[in-house]
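Trainee: Could you take me through one part of this protein in detail, rather than giving me a survey of the whole? I would like to follow how a single element sits among its surroundings.

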Amino acid sequence: MEGKINKQLKKVLKKIVKEAHEPLAVADAKLGGVIKEKLNLSCIHSPVVNELMRGIRSQMDGLIPGVEPREMAAMCLGLAHSLSRYRLKFSADKVDTMIVQAISLLDDLDKELNNYIMRCREWYGWHFPELGKIISDNLTYCKCLQKVGDRKNYASAKLSEILPEEVEAEVKAAAEISMGTEVSEEDICNILHLCTQVIEISEYRTQLYEYLQNRMMAIAPNVTVMVGELVGARLIAHAGSLLNLAKHAASTVQILGAEKALFRALKSRRDTPKYGLIYHASLVGQTSPKHKGKISRMLAAKTVLAIRYDAFGEDSSSAMGVENRAKLEARLRALEDRGIRKISGTGKALAKTEKYEHKSEVKTYDPSGDSTLPTCSKKRKIEQVDKEDEIIEKKAKKAKVKIKVEETTVVEEEEEEEEEGLLMVEEQETSVKKKKKKDKKKHIKEEPLSEEEPCTSTAVPSPEKKKKKKKKRDNED
C-alpha cells in the first residue's frame with residue numbers, strides 16, 4: 001500500500017528474476033517502479049492488468065485448490081476492512097461517535113440536574129425557606145442539606161468544610177428564627193436521598209466533561225483550540241461526524257444550529273441570522289455587539305480550515321489552530337481600537353472612551369407568515385370584545401353623521417332648485433307685463449290718429465270707418 005517491497009515479496013521476486021522472460025504485471029504503479037529500481041525487473045501496469053487481477057480474484061476458488069469458499073469469503077472481507085482502515089488512517093483513538101454520544105449525554109445531564117435541584121429547593125423550602133436565599137450555589141446547597149438535614153440541627157452542626165465562616169453564622173442565625181413549617185423524618189429522608197442523587201450526577205458530569213476534553217484534543221485538536229471543546233463537540237454532533245462537518249462550507253458552519261431562524265427569515269423576507277452554535281465560542285462572546293457578525297464570519301472560515309486539517313491531515317498537533325486563533329485575536333483588537341483612536345494636532349492619540357450603549361433596533365418576530373389560519377383565538381377576552389364594541393359604535397356614529405350630511409345637502413339642493421324656479425316664474429311674469437304695457441301704449445297712440453281729419457293721401461278708407469261715420473250721421477239726424 002505504501003509502495004514498499006516486503007521481505008516475503010523480495011524472496012519471491014528474486015527467484016522469479018532468474019527465470020523471467022516477460023514483464024511482470026503489477027496492480028500498483030508505485031510498487032512497479034520500486035521493483036524495477038531495486039531488482040531490475042521490467043513491470044507493466046495498465047487497464048488490462050486490472051481486469052486480469054479482477055478475474056484472478058473472482059476465480060480464486062478454482063485457481064487455489066484445497067480452500068473452502070467460506071474461508072475465502074472471510075479472508076476477502078477481513079482484507080477489505082483492513083485495507084479501508086489503512087486508507088482512511090483509521091484508529092480507535094479517532095472515533096468521533098464517542099464525542100457525539102458524550103456531548104448529548106452532557107446536555108441531558110444538565111437538564112436533569114436543573115430539574116432535580118429546582119425540585120429539591122422547592123421541597124426543602126417549605127421547612128427552611130431562608131437557606132435558599134443565603135446559599136446560591138446548587139451543589140453547596142445540597143451538600144449542606146445532606147450534612148445537616150433537619151432545621152433544628154443547624155445550631156450544633158459544623159459547616160466550616162462546606163461554607164465560609166460568615167455564611168455559616170448567617171445560616172445558623174436564620175435557622176433559629178425561620179418561618180418554615182415542621183416536617184416529619186420520613187420527608188427529610190426523601191429530601192436527603194434526592195440530594196445524594198444531585199451530588200452523584202454533578203460529580204459524574206465533571207468526570208464526563210474531562211473525558212470529552214481529552215477525546216476532543218485527541219480527535220480535533222485544532223477545532224478545540226479555535227472554538228473550545230463544547231462548541232466543537234456540538235458542531236460535530238450536529239453534522240453527524242467529523243468527515244461530514246469537513247464537507248460543509250464556512251457559511252454553513254457559521255449558521256449551523258440556527259436552521260429554524262434561517263428558513264423563517266427567508267420565508268418572511270427578513271435579515272438572515274449571522275451565527276448559530278458558533279455564537280457560544282469565546283472569541284464571539286468577548287466582542288462588542290456591532291462586531292459579532294464580522295468576527296463570527298472570520299471564525300467560521302478559520303474553523304473550517306481547522307476541521308479539514310483534523311479530518312484529513314496526518315499531523316495531530318494543534319499548531320495551526322493556535323496560529324489562526326492568534327490572527328483572529330489580532331484582528332479583533334484592530335476592530336475594537338479602530339473606533340477608539342482619533343487624529344489630534346500632535347498625531348494619533350487615544351480618545352476618551354465612553355460607556356457603550358447598544359442602540360440597534362430589536363426586531364420582533366412576526367408570526368403572521370407561519371400559518372394561514374386566523375391569528376385570533378375562538379375564546380376572546382372581555383377587553384377585546386369591549387374594544388370591538390367601541391369600534392362598532394364609532395363606525396355607526398360616523399355612518400349616521402354621513403347620512404345627516406347627505407340629507408342636508410339634498411334639502412339644500414331642492415331649495416336652490418325651488419328658488420331658481422321662482423326666479424324663472426318672476427322673470428316670465430315681468431316679461432309678460434312688459435309686453436302688455438307695450439301693447440297698451442300702441443293702442444293709445446292709434447286712437448288720436450282716428451279722430452283727426454282724413455289725410456290727403458289716396459288711401460281708401462276702411463269699411464269700419466265708413467260704418468262709424470254713418471252712425472254719427474244718423475244720430476245727428
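Mentor: What follows is a close look at helix 8 and the residues around it.

This is a predicted model, and its secondary structure comes to 20 helices and 4 strands, while 23% of the 477 residues count as buried. Helix 8 spans residues 138–148, and its buried residues are T140, Y141, C142, C144, L145 and V148. Because residues three or four places apart in an α-helix point the same way, at 3.6 residues a turn, the spacing of buried positions along a helix is worth reading. Here the buried set of helix 8 includes Y141, C144, L145 and V148, and the buried residues pack against three helices, namely helix 6 (97–125), helix 7 (130–134) and helix 10 (185–219).

The contacts of Y124 give this packing some detail, since they can be listed residue by residue. Leaving aside residues up to four places away in sequence, Y124 touches Y141 and L145, and also L131, G149, D150, R151, Y154, I188 and I191. In the largest nonpolar core, which has 66 residues, Y124 is named with Y154 and L299 as touching the most other members, and helix 10 gives the most to this core, with 11 residues. In soluble globular proteins, nonpolar side chains tend to be buried together.

At its end, helix 8 is followed by G149, whose phi is positive, near 85°; G149 is also among the residues that Y124 touches.

Charged side chains add a second kind of link. K147 of helix 8 pairs with E161, which lies in the loop between helix 8 and helix 9 (165–176), 14 residues apart, and their side chains meet in a salt bridge with an N to O distance of 4.0 Å. K147 is partly exposed, with a relative accessible area of 43%, whereas E161 counts as exposed at 73%.

In that loop between helix 8 and helix 9 there is also R151, whose partner E182 lies in the loop between helix 9 and helix 10, 31 residues apart. The side chains of R151 and E182 meet in a salt bridge at 3.0 Å, N to O, and the two belong with K152 to a network of salt bridges. R151 counts as buried because its relative accessible area is 10%, under the 20% cut-off, while E182 is exposed, with 53%. R151 thus appears both in this network and in the list of residues that Y124 touches.

Technical notes:
Residues numbered from 1 in each chain as written. Predicted model: local features only at pLDDT ≥ 70, side-chain atom pairs only at ≥ 80, totals over all residues. Heavy atoms only, no water. Buried < 20%, exposed > 50% of the residue type's maximum accessible area, 1.4 Å probe, protein only. Helix = DSSP H or I, 4+ residues; strand = E, 2+ residues; numbered from the N terminus. Contact = heavy atoms within 4.5 Å. Core = buried A, V, L, I, M, F, W, Y, C linked by side-chain atoms within 4.5 Å.
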